[in-house]
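Visitor: I have a model open in front of me and would like to be led through its sheets, helices and cores, with every term explained as we go.

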Amino acid sequence: MTKASSHDEAGRLAALRRLDVLDTAPEEQFEKIVGLVRAVLGVPIATVTLVDAHRQWFKARHGMPVSETPRSTSFCTHTVAARAPLMIADATLDSRVSDSPLVVGKPFIRAYLGVPLMTPDGHAVGALCAIDTTPRTFSSAQIEVLAGFARLVVDELELRQVAVTDQLTGCLSRRGFLAAVDSEIERCRRYDRSASLAILDVDHFKRVNDTFGHAAGDAVLRQLVLRCTTTLRPVDLVGRLGGEEFAILLPETGQDAATLTIERLRACIAGVSFEIGTAAALSVTASFGLARFVSGDRPDGWLERADGALYAAKRGGRNRVNIANYASTPAAA
């Protein structure tokens, strides 16, 4: 397998996206690892940090008062760039981080040790961090211990990818859904059959999380999948592509029938209340992009057309179904 270049930021971000872990709920296996880091290295703060394009986000954190920070003032962006363990004995004396809000304000970071989280194809997607509020150095033995824990984090991240079922909603995971799309394309080609693919995005989902909390957002996503599975046929497949974005595979379904089906689902979602807690409910809508199978389609091209139609639906006012325009579709290779 080809190893990544140290300057391949686009590839690094793509590897991070493939992990499908950003903005997910806390998970026990990662919480246990940061707890062990604190205990074994004797530090008050430990984090599993993922470095996105413009922020660092903590998948797990003990002792860290915030869930994310700008990348521009983060410690871990330097660990990711170095692609090697990074130790800072006194953050107030290091010009790279001395003006970080986490140094001049809570939790008043002084000592930092970060080990990059390296994917099997050589991308540093984040870091496992041990942090102290007083200046200190870490021994080579302690660095090796943290590196061992970092390998455990990467193993857990990879295991999440292998899973076919989405842990939160019970529908197919991204990997499981894409495998189903591959199989459906092969079936359509072999038997000259029809199929359609829809991508949906929950409208203003960030507002739900910001207003009611992530537990409420999780409840909405679980109920959304339930609406899909009870409205669609047993043969239809629902998968979670990431965050609040889902996809629906409709075998043996041409564009007209698919449009009726997805419009019925859209109306069902908009017409019910979503329970988010004791005696609390809210209304939710979703936008849809729909694309029929075209001879010569590949999975990425089919998904791209549905995704383009989805964004047109969102630009058009949301809570609607938009159908992909095939007039300008390039011939498949």
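Guide: The expected span of a helix is 1.5 Å times one less than its number of residues, and helices (H or I, at least four residues) and strands (E, at least two) are DSSP runs, numbered from the N terminus. This is a predicted model, in which local features need pLDDT of at least 70 and side-chain atom pairs count only at pLDDT 80 or more, while totals for chains, interfaces and linings use all residues. Residues are numbered from 1 along each chain as its sequence is written, and side-chain values use heavy atoms, with hydrogens and water left out.

Visitor: What span should helix α8 have, at 1.5 Å a residue?

Guide: Helix α8 covers residues 214–231, which makes 18 residues. The end C-alpha atoms of α8 are 26 Å apart, and this agrees with the expected span of 26 Å.

Visitor: In what order do the 6 strands of the open antiparallel sheet stand?

Guide: Two strands count as paired if DSSP finds at least two bridges between them. Strand β2 (residues 55–62) pairs with β3 in the antiparallel sense over 3 bridges, and Gln-56 has Thr-69 of β3 as its bridge partner. The edges are held by β3 (68–70) and β4 (86–88), each with a single partner strand, so one side of each has no neighbour in the sheet. The order is β3-β2-β1-β6-β5-β4.

Visitor: Which strands does helix α2 touch where it packs on the sheet?

Guide: Contact means heavy atoms within 4.5 Å, and axes are lines fitted to C-alpha atoms, for helices over the stretch in contact, with angles running from 0 to 180 degrees between N-to-C directions. Helix α2 (residues 28–41) has a direction that makes about 75 degrees with that of β2. The strands touched by α2 are β1, β2, β5 (111–118) and β6.

Visitor: Which element supplies the largest share of the largest nonpolar core?

Guide: A nonpolar core is a set of buried Ala, Val, Leu, Ile, Met, Phe, Trp, Tyr and Cys residues joined through side-chain atoms within 4.5 Å, where buried means under 20% relative accessible area, exposed over 50% and partly exposed in between (1.4 Å probe, protein chains only). The largest such core has 31 residues, and Leu-50 and Val-153 are among those with the most contacts inside it. At least two residues of this core come from each of α1, α2, β1, β2, β5, β6 and α5 (140–162). The largest share, 7 residues, comes from α5.

Visitor: How many residues does the other core have, the one that lies apart?

Guide: Members of this other core include Phe-246, Ile-262, Ile-276 and Leu-290. The number of residues in it is 29.

Visitor: Is Leu-282 buried or exposed?

Guide: Leu-282 is found in strand β11 (residues 280–283). Not counting residues up to four places away in sequence, Leu-282 touches Val-208, Phe-212, Val-220, Val-272, Ser-273, Phe-274 and Ile-276. With a relative accessible area of 12%, Leu-282 is buried.

Visitor: Which strands stand at the edges of the sheet of 5 strands?

Guide: This open sheet has mixed pairing and runs in the order β8-β9-β7-β12-β13. Strand β9 (residues 245–251) pairs with β8 in the antiparallel sense over 5 bridges, and Arg-240 stands opposite Phe-246 in β9. The edge strands, each with a single partner, are β8 (237–242) and β13 (321–323).
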